[in-house]
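Biologist: I've got a model open and a few things to ask about it. Can you walk me through what the numbers say?

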Amino acid sequence: SCSLLLYHLSRLVMAIQIMAAAVSLPKGYMRQHWRSLSGMLGPLMLAQWLVSAGLVRLIVPGLGWRGSLLVGACLAPTDPILAHSVV
């Protein structure tokens, strides 16, 4: 179906974008910028996960905390990490 095709095309485009960002990084980038990357991956991603889980809990009151945390993990945006590597 059309939706399945769009789903697979969007997955392909996302994989290409992530690989392009990873390939374009200079050789010592990870060693040089590990502090800022760990700051983005640590507290920022944790906060995004918890806020998303809290919003899911408010929107779907019948869902327990476990389910809300699971859905929040799926909804937590990872674009700041990719955007930081591109910048």
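Modeller: Sure, and one term up front: accessible areas here come from the Shrake-Rupley method with a 1.4 Å probe. Keep in mind that this is a predicted model.

Biologist: What share of the accessible surface of the protein chain belongs to carbon and sulfur atoms?

Modeller: The accessible surface of the protein chain comes to about 6700 Å². The part that belongs to carbon and sulfur atoms is 74%.

Biologist: And which elements does the protein chain have, from the N terminus on?

Modeller: There are 5 helices and 0 strands in the protein chain. From the N terminus on, the elements therefore read α-α-α-α-α.

Biologist: In which helix is confidence highest?

Modeller: Across the protein chain the mean pLDDT is 78, with 86% of residues at 70 or more. Confidence is lowest in helix α5 (residues 79-86), where the mean is 56. At a mean of 85, the highest value belongs to α4.

Biologist: Let's stay with that helix, then. Is serine 68 buried or exposed?

Modeller: Serine 68 lies in helix α4, which spans residues 65-75. Buried means under 20% relative accessible area. Serine 68 has a relative accessibility of 0%, so it counts as buried.

Biologist: Which residues is serine 68 in contact with, leaving aside neighbours within four places in sequence?

Modeller: With those neighbours left out, the contacts of serine 68 are Ala53, Val56, Arg57 and Leu63.  The buried residues of α4 pack against α3, residues 34-59. Among the contacts of serine 68 is Val56, and the full set is Ala53, Val56, Arg57 and Leu63.

Biologist: Why are the buried residues of α4 said to be on the same side?

Modeller: The buried ones are Gly67, Ser68 and Gly72. Because they cover an arc of only 135 degrees around the axis, they fall on the same side of α4. On the other side, the exposed residues are Arg66, Leu70 and Cys74. So the reason is that arc of only 135 degrees.

Biologist: Now serine 52: which residues does it contact, beyond its neighbours within four places in sequence?

Modeller: Serine 52 is found in helix α3. With a relative accessible area of 14%, serine 52 is buried. Outside its sequence neighbours, serine 52 touches Gly72, Leu75 and Ala76.

Biologist: Over to the surface. How much accessible area does the nonpolar patch have together?

Modeller: The patch is formed by Leu5, Leu6, Leu9, Leu12 and Ile16. One of these, leucine 5, is found in helix α1, residues 2-24, and is exposed with a relative accessible area of 52%. Together the patch residues have about 490 Å².

Biologist: Last one: what percentage of the residues in the protein chain is buried?

Modeller: The protein chain has 87 residues. Of these, buried residues make up 17%.

Note on methods: Residues are numbered from 1 along each chain as its sequence is written. This is a predicted model: local features need pLDDT of at least 70, side-chain atom pairs count only at pLDDT 80 or more; totals for chains, interfaces and linings use all residues. Side-chain values use heavy atoms; hydrogens and water are left out. Helices (H or I, at least four residues) and strands (E, at least two) are DSSP runs, numbered from the N terminus. Buried means under 20% relative accessible area, exposed over 50%, partly exposed in between (1.4 Å probe, protein chains only). Contact means heavy atoms within 4.5 Å. The arc is that of the directions from the helix axis to the C-beta atoms. pLDDT is the predictor's confidence in each residue, from 0 to 100. Patches are made of residues with over 30% relative accessible area and no salt bridge: like charges are joined within 9 Å, nonpolar side chains (Val, Leu, Ile, Met, Phe, Trp, Tyr) within 5 Å. A salt bridge is a side-chain nitrogen of Lys or Arg within 4 Å of a carboxyl oxygen of Asp or Glu.
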